[in-house]
Amino acid sequence: MTTVRQRRVGKGTEAAEDQPSEEKNVKPDGKILSDHTGGKLWNILSITVGGIVAISLGLLTSVYVATLHENDLWFSNIKEVEREISFRTECGLYYSYYKQMIQAASIQQGLHGLVYDNKTESVRTINILERMNVYQEVFLSILYRILPIQQYLEPVYFYIYTLFGLQAVYVIALYVTSWLLSGTWLSGLLAACWYITNRIDTTRVEFTIPLRENWALPFFAVQIAAITYLLRTHLQPVQERLTLIAVFIATFLFSLTWQFNQFMMLIQALALFILDCFDMLPTAKVMWLYIIQISGLLLVCVLQFFNSMILGSLLISFNTSVLIARTIQKHLKKGSLLNRLGKLIFHVLLVLCFTLLINKFIKKILNLESDEHIFKFLKAKFGFGATRDFDANLYLCEEAFGLLPLNTFSRLSATLLFYVYIFVLFLMTVAAIVVAFRNLSGSNQVQFMEKMEECTITLKPDAAYNLLHTVLFGCLALSTMRMKYLWTSHMCVFASFGLCSTEVWKLILKCIHLYTSQRTRVIKYSIPVIILLYISYKFWPGIMDELSELREFYDPDTVELMNWIKSNTPNTAVFAGSMQLLAGVKLCTGRTLTNHPHYEDKNLRERTKQIYQIYAKRSPEDVYQILRSFGTDYVILEDSICYERRHSRGCRLRDLLDIANGHIMDGLGENEPDLKPALYPRFCEEIKKTLPSYTIHFTRVFQNKTFHVYKLAKHK
C-alpha cells in the first residue's frame with residue numbers, strides 16, 4: 001500500500017529507486033499519472049478513516065471508564081460527603097485545592113490562599129503551588145468559574161469528566177504512535193483495543209481519579225507520539241520545527257502535572273543517550289530533545305516558585321553533562337571499532353562524572369534534602385544494606401512499591417498481548433544489536449551504505465527509540481509495581497506495531513526463505529484482524545457484564561466521623577492522625593491538619609514520624625507534648641492501624657515505629673539483637689483503658705467501630 005511504501009523511504013537503496021518514479025509522474029503518461037492520483041486519494045481516505053477510528057475509540061474509552069466509575073459508586077446518587085470520601089488518600093488532598101478555589105470569594109483570593117496556606121500543615125505557612133503539582137486544579141477551577149456551566153454541571157462532575165476526557169487523549173496518542181511506527185491505522189486499532197481489554201493493568205483512573213499520574217500520563221503519551229514522528233527521516237524543516245514545539249508543550253504539561261516527572265524523563269534521557277552512543281538516532285534531534293527536557297523542567301521550576309527539588313534533579317544534571325561532554329568530544333562517531341569503543345567508554349565515564357559533580361554541587365548550594373528518602377528507599381530495595389529508616393521502610397512495605405506480581409503476566413497473556421510483546425521484543429532486540437554493531441564497525445559513510453545494501457536487518461530511528469523506551473520502562477515496572485502503568489500502555493503500542501510492521505514480517509520471511517511482498521502484506525493485515533476478532537469474541541461479553549454490574553459506595557463509619565467533625569468542632573480546630581485519613585478530613589471538613597500524604601518534603605516526613613508516635617510504645621506525656629508542639633486540638637486513632645493485620649510482622653506501621661525507636665516488635669518472631677523492650681505500653685491501645693495518666697491529657701469525644709477521637713487538654 002502507498003502509506004507503507006512511503007514509510008520505507010528511509011533506506012538509501014529505496015530512496016534511490018523511488019526518485020525515478022517521481023520523475024515519471026510528471027511525464028504525460030496517463031496510466032502512471034492515474035496510479036499516482038489513485039495512490040494519493042487512497043492515502044487521504046486511509047488517514048481520514050484512521051483518524052475517525054482513533055477519535056471514536058478515545059471517546060468510547062472515556063465513556064467506558066466514566067460508566068464504570070458511576071456503576072461502582074452510584075456517584076450520581078450519593079451525598080456530597082460520600083463523593084468526597086471516595087477520593088481516597090492523596091486524591092482527596094489534591095481535590096481539596098480545587099474545591100478551595102471554587103469556594104473562594106474571588107480567583108485572586110483563592111490563589112492567595114494557596115500561596116499562603118496555613119491549613120495544610122499546622123503552625124506553618126506553606127506555598128501549595130511550590131510544594132505540590134496542583135496547577136491543573138487551579139486551571140480547572142478558574143475555567144469552571146468563567147464558563148457559563150454552573151447551572152448545568154456540578155464542580156465535582158466538571159473535574160471528573162475532564163480527567164475521563166483526558167483518557168480519550170491518552171488512547172488517541174497511543175493509537176497514533178502505533179500508527180506512525182507501523183504505517184497502518186490497523187496497528188493503532190489493535191493498540192487501543194489491547195489498552196481497553198487490559199484496563200486493570202493499563203490504568204486505574206476510574207477509582208483514583210485525582211491522582212497525579214492520571215493527569216500526566218496522557219501528556220506523556222502525546223510526547224512519545226511527537227518524538228516518534230520527529231525521529232522519522234526526510235522531515236521538512238517546517239514539520240521538524242512544529243514537531244519540536246509539540247514535544248516541548250507535551251513535556252511541559254507532563255512535568256507540570258506530576259511530581260515524579262523528573263525520574264520518568266531521566267529514564268527517557270538515558271534511552272536517548274544509549275541510542276545516540278550507538279549512532280541509532282540523529283544526534284542533532286537528540287540534542288534538541290535534551291534541551292527541551294531541561295527547558296520544560298526549568299519553566300515548571302519557575303511556575304513552582306523555584307522549587308529546589310526540580311533544580312537538584314538528576315535529569316537537569318545528566319542532560320547538562322551530556323551537552324558538555326558532546327561539546328568536548330566532537331569526533332565521537334569516527335574511527336575503527338576499537339577506537340570508537342574506547343571513545344564511547346570514556347564518553348560514558350565523562351558524562352557520569354559530570355552528572356555526579358553537577359548534582360552534588362547544586363544540592364550543596366541549595367542545601368537540598370527533599371529527595372533523600374527516595375535514594376534511601378532505592379538503596380534498601382536493591383539490597384545495598386538494610387535500613388531502620390522509617391520513611392524508607394514505609395515505602396518498602398507498601399505493595400505498590402514492591403516487585404510486579406507474576407499474576408500480571410497471566411492477565412496480559414489472556415489477551416495475547418504479552419505473547420506478542422515478547423515475540424516482537426525479541427526480534428527487535430536482535431535487530432538492534434546487529435544494527436548497533438554495524439554502526440560501530442562502519443568507519444565511513446561509503447562502507448555504511450554498502451553494508452545497508454547487503455544486510456536485510458534495519459532499524460528505523462523511531463522504532464529504535466520505542467524499543468529502548470519499552471525495555472527501560474519495563475525494568476522500572478518489574479522493580480516497582482506502581483510504575484507498571486507507564487510500561488503496560490506502551491506495551492500495547494509496541495506489540496501492535498510489531499505485528500503490523502512490514503519490516504518485522506519481511507525479516508522473518510527472509511530468514512525462512514519465504515519472502516514475497518504480497519505474502520508480507522497478507523500476513524501483516526490478516527494476523528492483527530484475527531487477534532482483534534479473538535479479543536472481541538472473548539472479552540466483549542465480559543465488558544458488557546462489567547458495565548451492567550451495579551454497586552454502591554458504603555463507608556458509614558467515615559461518613560459519621562466527617563459529619564461529627566463538621567458539626568462539633570470549630571473551623572480552626574487542628575487534627576492529627578494518619579496521612580491518608582487527614583487528607584479526607586481536609587477535603588470534607590476544611591479543618592487544619594498536622595500532616596498529609598504529599599511526602600516530598602523533609603520537614604513533613606519528620607513531622608509525620610513524630611505524629612505517628614500515637615501508634616508507638618510511648619508515654620502519654622511524650623505523645624501529648626509531641627501533639628501539642630504541632631498545635632493539635634484533636635487526634636484520631638484508627639483501629640485498622642492500631643490492630644493492623646494487612647501487613648505481615650515487620651511491615652505493620654507499629655512495627656516500623658518500634659524498629660525506628662529501637663523497641664522489640666509485638667508478636668512471635670525474631671528481633672534484631674540490639675532492640676530492647678519498651679518502657680511503656682502501646683499508646684493507641686492503652687489510651688482506651690481511660691487510666692488517669694491518659695485522661696489528664698486526653699478526653700474521648702467521639703467513637704464508632706473504626707475511629708476514636710480524643711480532645712487534647714490545654715494545660716497552661
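This is a chat about the disulfides, a few cysteines and one phenylalanine of a predicted model.

Trainee: Before I start, what kind of model is this, and how are residues numbered?

Mentor: It is a predicted model, in which local features need pLDDT of at least 70 and side-chain atom pairs count only at pLDDT 80 or more, while totals for chains, interfaces and linings use all residues. Residues are numbered from 1 along each chain as its sequence is written, and side-chain values use heavy atoms, with hydrogens and water left out.

Trainee: OK, how many disulfides are there?

Mentor: Taking a disulfide as a pair of cysteine sulfur atoms within 2.5 Å, the count comes to two. C397 pairs with C651, with the sulfur atoms 2.1 Å apart, and C642 is joined to C684 with an S to S distance of 2.0 Å.

Trainee: Where do C397 and C651 sit?

Mentor: C397 lies in the loop between helix 20 (390–396) and helix 21 (407–414), and C651 in the loop between helix 32 (639–642) and helix 33 (653–661), so the pair ties together parts that are 254 residues apart in sequence. Helices here are DSSP runs of H or I with at least four residues, numbered from the N terminus.

Trainee: Is C397 buried or exposed?

Mentor: C397 counts as buried at 12% relative accessibility, whereas C651, at 23%, counts as partly exposed. Buried means under 20% relative accessible area, exposed means over 50%, and partly exposed is in between, using a 1.4 Å probe and protein chains only.

Trainee: And the handedness of the C642 and C684 bond, left or right?

Mentor: The torsion about the S-S bond of C642 and C684 is about 80°, so that disulfide is right-handed. This pair links distant parts of the chain, with C642 in helix 32 and C684 in helix 34, 42 residues apart. For the pair C397 and C651, the torsion is about -75°, so the disulfide is left-handed.

Trainee: Switching topic, where is F683?

Mentor: F683 is in helix 34, which covers residues 683–686, and F683 is buried, with a relative accessible area of 0%.

Trainee: Which residues does F683 touch?

Mentor: Leaving aside neighbours within four places in sequence, F683 is in contact, meaning heavy atoms within 4.5 Å, with several residues, including Q613, P620, L637, Y694 and F698. By contrast, the C-alpha atoms of F683 and L507 are separated by 68 Å, and these two residues are 176 residues apart along the chain.

Terms used. Helix = DSSP H or I, 4+ residues; strand = E, 2+ residues; numbered from the N terminus.
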